[in-house]
Amino acid sequence: MTPSARIQATIDILERLGIENRPADALVSAYFRTRRFIGSKDRSEIAARVYAVLRHHARLGWWLAKVEAEDTPRNRVIAELTLAEGVAIKDMGRLFSGETYAPIPLDGPEDRLVKATAGQPLDHPDMPKPVRSEIPDWAAASLEQNFGDRYEAEVAALLDQAPLDLRVNELRGTRDEVVHTLAAGKLDVVATPLSPLGIRVKGRPQLGRHPAFQSGLIEVQDEGSQLIALLVDARPGQQVVDFCSGAGGKALAIAARMKGKGRVVACDVSKGRLDRGKERLRRAGIDNVEPRLLENERDRWVKKQRGKFDRVLIDAPCSGTGAWRRNPDARWRPMDLERLLGVQREILDSAARLAKPAGGRVIYATCSLLREENEAQVEGFLASHPDYRLVPVETVWDEAVGSGEAPTSGMLRLSPAANGTDGFFVAVLERGPKAEAAGEPADAGEEPAGDEG
């Protein structure tokens, strides 16, 4: 493809993003899937520019308002080229030539936009701090309060490109073996510093057709997400539930750690997400994961299965602030944080009933950096559930992770700036024998628990 054709493809994708209510990664994948003729190098450059425009969303919008240009995907690409890529005025006419597959020529307002922004830096001293940091209004105050004097470094790291991390399937091989295999195939890889199963890949190679991926030897999974699965500390033969399983990435890791012995129930309210996990299970050679479609967090199945599970993982739906490096468009989607906090409380309260009364554990996790979704939710839960106690993450780390030291104490907090992972939070909560005497008032009047027919 010509440079002009790649620019037009970027504009096409951004226009679709403005129309379709889909995450950017899904839309970009769908765009390329229907255009097999686009080569890997062109795909990489197009995707990189799309994500650059999304990462620069607030700053580009500020510039468009400053120079009184219409806020359109095409104008955002024009401003990205001049402000972030440093394209000179004399070259813009060539890129917007109107020739085959090239963008149509610049009109009068667009030409004025080019002249007003060419040679200017993307960052401007007059920009408000949230704009310069690309932080939406609903999250700015909370993040600044959470990070304190580390705020600038933390939000700057959220603008970086996320690394490509892989998790080794313990049922199929060891990390050393996989590192050797990938390196022999000319991939630049290193072991991750925290997860004993993680491998970090330099660049963005196409792994979908790699033999290691197709054989189920590796899965794409951020190192922080791997640590969540490890801190479940699931043992062979145990009963485990992944309550918000999605497409099953953590359920896969948990089942492999259990060496295929015992049972993992992967629950979700989306049949589509559960169905996507079935192919991953087959590829990984895992047969002890049972998908379970729930109507909601108070599904009848939860009532019938209460008190039966050794481990209950709640990877709660959240704001996704910790994954903004991967999903920069998510920053700017409408967010009703209060409603989301209520959903999290309901899920935690309901799913906690599944843990065994004596020694059952609930592992509450999010990919959020906001205290409201993390520590505050755990503190509120413990205040209303005296049969649970917090297990300091450092006491679980040695056995469950088995390498290095826990980067935080009490509850685990990970961030791109501090740990090189996505932003994650994990709290391990253990149920005590007191629950047997106290009973479960919330279930008063329900029929006795029993096996489902």
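A strand, as the word is used here, is a DSSP run of E with at least two residues, numbered from the N terminus. Strand β6 covers residues 263-268, and D268 lies in it. Keep in mind that this is a predicted model.

**The annotated binding site**

An unreviewed UniProt entry gives the annotation "binding site" to D268 and D315. The two span 48 residues in sequence, yet no two of their C-alpha atoms are more than 10.7 Å apart, so they gather at one spot.

Is D268 buried or exposed? Its relative accessibility is 6%, so D268 counts as buried. Buried means under 20% relative accessible area. Which residues surround D268, leaving aside its neighbours within four places in sequence? D268 is in contact with F243, C244, S245 and G246. Its contacts also include R273 and L274, along with R292, L293 and L294.

**The annotated active site**

For "active site", the unreviewed UniProt entry lists C367. This residue sits in a loop, between β9 (361-366) and α18 (375-384). The relative accessibility of C367 is 22%, so C367 counts as partly exposed. Again leave aside neighbours within four places in sequence. C367 then touches C318, G320, T321, G322 and A323. G423 and F424 are also in contact with C367.

**Accessibility side by side**

The table sets out four residues.

| Residue | Relative accessibility | Class |
|---|---|---|
| C367 | 22% | partly exposed |
| D268 | 6% | buried |
| E68 | 75% | exposed |
| D233 | 7% | buried |

**Two residues with positive phi**

E68 is not a glycine, although its phi is positive, at about 60 degrees. Where is E68 placed? It is in the loop between α4 (57-66) and α5. At 75% relative accessibility, E68 counts as exposed.

D233 is also a residue other than glycine, and its phi is a positive value near 55 degrees. D233 is found in the loop between α13 and β5 (239-242). With a relative accessible area of 7%, D233 is buried.

**An open sheet and its helices**

Strands of a sheet pair through backbone hydrogen bonds, either parallel or antiparallel. One open sheet here has 4 strands in the order β2-β3-β1-β4, and the pairing is antiparallel. Which strands form the edges? They are β2 (189-191) and β4 (218-220), and each pairs on one side only. On average, neighbouring strands of this sheet are turned by 30 degrees against each other, direction ignored.

Look inside the sheet next. Strand β1 (residues 164-168) and strand β3 (residues 198-201) run antiparallel and are joined by 4 bridges. L164 stands opposite V201 in β3.

Helix α11 (residues 175-184) lies across β1, β2, β3 and β4, and runs at about 20 degrees to β3. Helix α13 (residues 223-231) also packs on the sheet, where it touches β1 and β3. The direction of α13 makes about 30 degrees with that of β1.

**A helix pair**

Two packed helices are described by the angle between their axes and the distance between the axes. Take helix α5 (residues 73-84) and helix α7 (residues 108-117): their axes come within 9 Å and cross at roughly 30 degrees. Angles under 35 degrees count as roughly parallel. α5 and α7 are therefore roughly parallel to each other. Their crossing is right-handed.

Which residues of α5 and α7 meet? From α5 come R74, N75, I78, T82 and L83. They meet E110, L113, V114 and T117 in α7.

Definitions and conventions
Residues are numbered from 1 along each chain as its sequence is written. This is a predicted model: local features need pLDDT of at least 70, side-chain atom pairs count only at pLDDT 80 or more; totals for chains, interfaces and linings use all residues. Side-chain values use heavy atoms; hydrogens and water are left out. UniProt positions are given in the numbering used here, feature names are shortened, and annotations may be inferred rather than shown by experiment. Buried means under 20% relative accessible area, exposed over 50%, partly exposed in between (1.4 Å probe, protein chains only). Contact means heavy atoms within 4.5 Å. Two strands pair if DSSP finds at least two bridges between them. Axes are lines fitted to C-alpha atoms, for helices over the stretch in contact, and angles run from 0 to 180 degrees between N-to-C directions. Angles under 35 degrees count as roughly parallel, over 145 as roughly antiparallel, 65 to 115 as roughly perpendicular and the rest as oblique. A crossing is left-handed if the near helix is turned anticlockwise from the far one by less than a right angle, and right-handed if clockwise.
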